[in-house]
Amino acid sequence: MSAMPTLTEHPAALALTRRHRLRWWEPLPWVLALAFYFLFPRHLGFGTELLIMVLFAISLDLALGYAGIITLGHAAFFGAGAYTVGMLAQYGIWTEPITGLIAGAAVAALIGFLSGLVLLRTTGLTLLMLTLCTMALLEEAANLGHDWTGGFDGLTGITIPPLFGLFEFNPLFPKTQYLYVLGVLFVCFVFARTLVYSPFGQSLTGIRENTLRMHAVGAPVRTRLVVCYTISAALAGIAGGIWAQANAYVNLSTLGLDRAATVLIILVLGGYGRLYGAFVGALAYMALAHFLSQVYPTAWQLGLGLLLVAIALFARGGIIGVGETLVQRLRPKMYQKQPPS
Amino acid sequence: MIFGIDFASMILGGMAWGVVLFIVSVGLSVTMGLMGFVNLAHGAFAMLGGYIIVLSMRHLGIGFIPALAVGFFGTAAISMLFERTLYSRLYKAGELDQVLFTIGLAFIFIASLTVFVGPENQPVTLPPELRGQFDLGFMQYRTYSIFIIAVGVAIVVGLWLGFERTRFGAQIRAAVDNRRMAESLGINIDRLFSITFGFGSGMAALGGGLGAEFLGLDPQYALKYLVFFLIVVAVGGAGSIVGVFSASLIIGVLDFVLKKYVPQGGTLFIYALTILLLLWRPQGLFGKST
């Protein structure tokens with residue numbers, strides 16, 4: 001045989017077959033998250049909020065980063081999950097936390113499916129406006145139906161029974177909340193990771209890159225997009241539901257443009273279409289928000305604005321994208337190396 | 001008869017709001033139709049213009065009408081500077097990058113105005129001849145609202161003539177229809193877009209100044225009314241002056257009437273209507289289908 005690699009040994013083929021394998025740094029976020037639990041027991045409230053935003057950003061990453069659905073209204077599903085869990089608990093219908101989350105995910109998925117069926121026919125400005133209007137519609141509806149949703153004040157004093165009947169949710173020492181959120185995040189992350197490396201996830205990337213060609217090769221583009229949007233909505237519903245459980249209240253802020261913009265900024269800051277962008281982005285965003293608003297409240301908004309402009313103009317891949325470029329520049333040889341024969 | 005007068009005053013109030021919507025949104029619509037650029041900082045330019053108008057009246061002691069001119073040209077010049085240095089880099093970028101960039105720009109405007117001018121509302125002082133009531137023959141109505149409606153009608157006629165009857169307007173229409181073809185016919189698209197962008201932002205500034213009396217003017221203005229501006233553009237159809245004008249009037253009057261009769265759920269109705277309309281005609285009422 002000559003030195004020519006066979007088809008299965010070709011670098012591109014190897015890269016494809018190894019794409020989904022676990023890399024050495026992938027357990028790192030989880031180790032750090034556990035270390036945070038033991039090192040900063042007094043900042044677990046902050047940690048819980050951070051992990052919830054990571055989960056929310058992952059759900060957006062599926063729709064925006066992988067399928068290329070540009071939405072300004074993702075908080076609609078976060079709020080749907082939060083209100084489902086909140087209303088079920090407030091009126092004593094269902095309070096068990098884990099099944100409550102499933103109910104939240106189901107309601108959010110239903111809304112995602114129904115709105116996706118019609119919204120995803122459109123693209124561009126129309127899609128942007130429709131997602132925005134759908135969210136505004138839900139927010140107005142939640143505001144109007146104050147007999148059920150508490151209106152502007154929201155639902156306060158939701159009581160959630162202990163997890164597995166053992167671990168109390170204590171609002172002052174959110175130890176249970178932190179570990180509970182971390183566990184749910186892990187399950188959802190493994191699901192999302194499996195999904196994006198599956199043939200289904202692959203076809204989503206194809207649709208993002210070239211919709212016309214995917215139509216041409218016979219992929220059911222619309223169906224794929226609706227399914228992806230529904231899954232993404234369900235994950236966002238879980239994030240919203242767990243937010244309601246961890247905070248023991250729900251209000252209109254779960255449905256607003258502020259939250260939708262925040263999650264979009266977090267994802268873009270970290271780098272979209274990368275799964276781990278959600279982790280890096282949420283950490284960077286929350287840390288920046290914390291320090292800059294201590295300096296001067298307006299400094300935070302100014303810093304955020306400058307950051308967004310800089311990302312859009314110079315660093316489209318976010319923090320992870322910049323990191324990848326640096327690594328590539330520092331070790332150019334590694335990428336040219338032939339696989340061992 | 002009482003009902004008739006009530007009705008007429010409601011329509012007039014709604015029209016004044018609709019005209020302000022039109023003056024602000026027309027630039028957004030044309031830039032969107034021309035370049036497909038999603039400019040979420042358009043509200044920020046309207047706000048900047050409003051501030052220039054109010055502050056130049058207060059500190060330079062000039063009248064309302066000259067201040068409007070200062071606001072128009074000042075905002076147009078600033079926006080053209082932004083267009084040449086920053087916006088132009090993103091014309092070929094995806095929508096997401098444009099959305100992020102312009103949201104970031106809006107945040108920067110909001111933060112800067114909060115720091116340099118202050119977070120409070122800036123009241124506008126109208127000249128005495130625009131205050132008070134105006135006799136319409138069958139009823140009395142606020143002079144200022146009548147003035148705004150008159151200005152709006154003058155602007156729409158002027159814009160329509162400029163769009164349909166001048167060489168420059170023909171170039172814009174050609175570029176909206178088919179940019180590549182227009183470019184290959186020798187139309188300088190970059191220059192065309194710069195001027196249109198500056199003009200559109202100047203119009204937004206006029207709208208910001210004219211509407212400040214009843215919309216208020218504080219640093220949150222840039223995002224508070226953005227959804228309305230976007231709805232008007234989406235409903236009217238990007239790149240169509242007649243579309244923006246009719247959409248503005250419909251939305252303005254609807255919003256005004258609904259706020260009066262259903263103070264709680266009026267906006268819900270507008271959002272629902274927008275969704276239904278966009279599902280029926282994704283390109284808007286007067287937009288060209290792609």
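How exposed is B:R84, in terms of relative accessibility? Select B:R84 and have a look: with 40% relative accessibility, this arginine falls in the partly exposed class. Keep in mind along the way that you are looking at a predicted model.

**Stop 1: B:R84 and its partner**

Leave B:R84 selected and add B:E83. The two form a salt bridge, and their closest N and O atoms sit 3.0 Å apart. Now colour the pair by accessibility. B:E83 has a relative accessible area of 0%, so the glutamate is buried, whereas B:R84 is partly exposed.

**Stop 2: B:D218 and B:K224**

Stay in chain B and pick B:D218 together with B:K224. Their side chains meet in another salt bridge, at 3.3 Å from N to O. Which of the two partners is buried? That would be B:D218, because its relative accessible area of 15% is under the 20% cut-off. B:K224 comes out at 42% relative accessibility and is partly exposed.

**Stop 3: over to chain A**

Next, select A:R274 and A:E324. Here too the side chains make a salt bridge, 3.2 Å from N to O. Show the cartoon around them: A:R274 is in the loop between helix 12 (257-270) and helix 13 (277-295), and A:E324 belongs to helix 15 (residues 318-330), so this pair ties together parts of chain A that are 50 residues apart in sequence. As for accessibility, A:R274 is partly exposed at 27%, and A:E324 is partly exposed as well, at 40%.

If you want to hunt for the rest, the total over all chains is 8 salt bridges.

**Stop 4: where the chains meet**

Zoom out and select the contact between the two chains. You should pick up 36 residues from chain A and 39 residues from chain B. Together, chain A and chain B bury about 3,400 Å², with 83% of that on carbon and sulfur atoms. How many salt bridges are there between chain A and chain B? The count is 0. Polar contacts across this interface come to 1 residue pair, with both residues at pLDDT 80 or more.

Now hide chain B and look at the side of chain A that touches it. The elements giving two or more residues to that side are helix 6 (124-144), helix 12 and helix 14 (297-314). Select helix 6 of chain A to finish: it supplies the largest share, 14 residues. Colour the whole chain A side by residue class and you get 27 nonpolar, 7 polar and 2 charged residues.

Technical notes:
Residues numbered from 1 in each chain as written. Chains lettered and ligands numbered in written order. Predicted model: local features only at pLDDT ≥ 70, side-chain atom pairs only at ≥ 80, totals over all residues. Heavy atoms only, no water. Salt bridge = Lys/Arg side-chain N within 4 Å of Asp/Glu carboxyl O. Helix = DSSP H or I, 4+ residues; strand = E, 2+ residues; numbered from the N terminus. Buried < 20%, exposed > 50% of the residue type's maximum accessible area, 1.4 Å probe, protein only. Contact = heavy atoms within 4.5 Å. Buried area = accessible area lost by both parts, 1.4 Å probe. Polar contact = N/O pair within 3.5 Å; in protein donor to acceptor, adjacent residues only side chain to side chain. Nonpolar A, V, L, I, M, F, W, Y, C, P; charged D, E, K, R; others polar.
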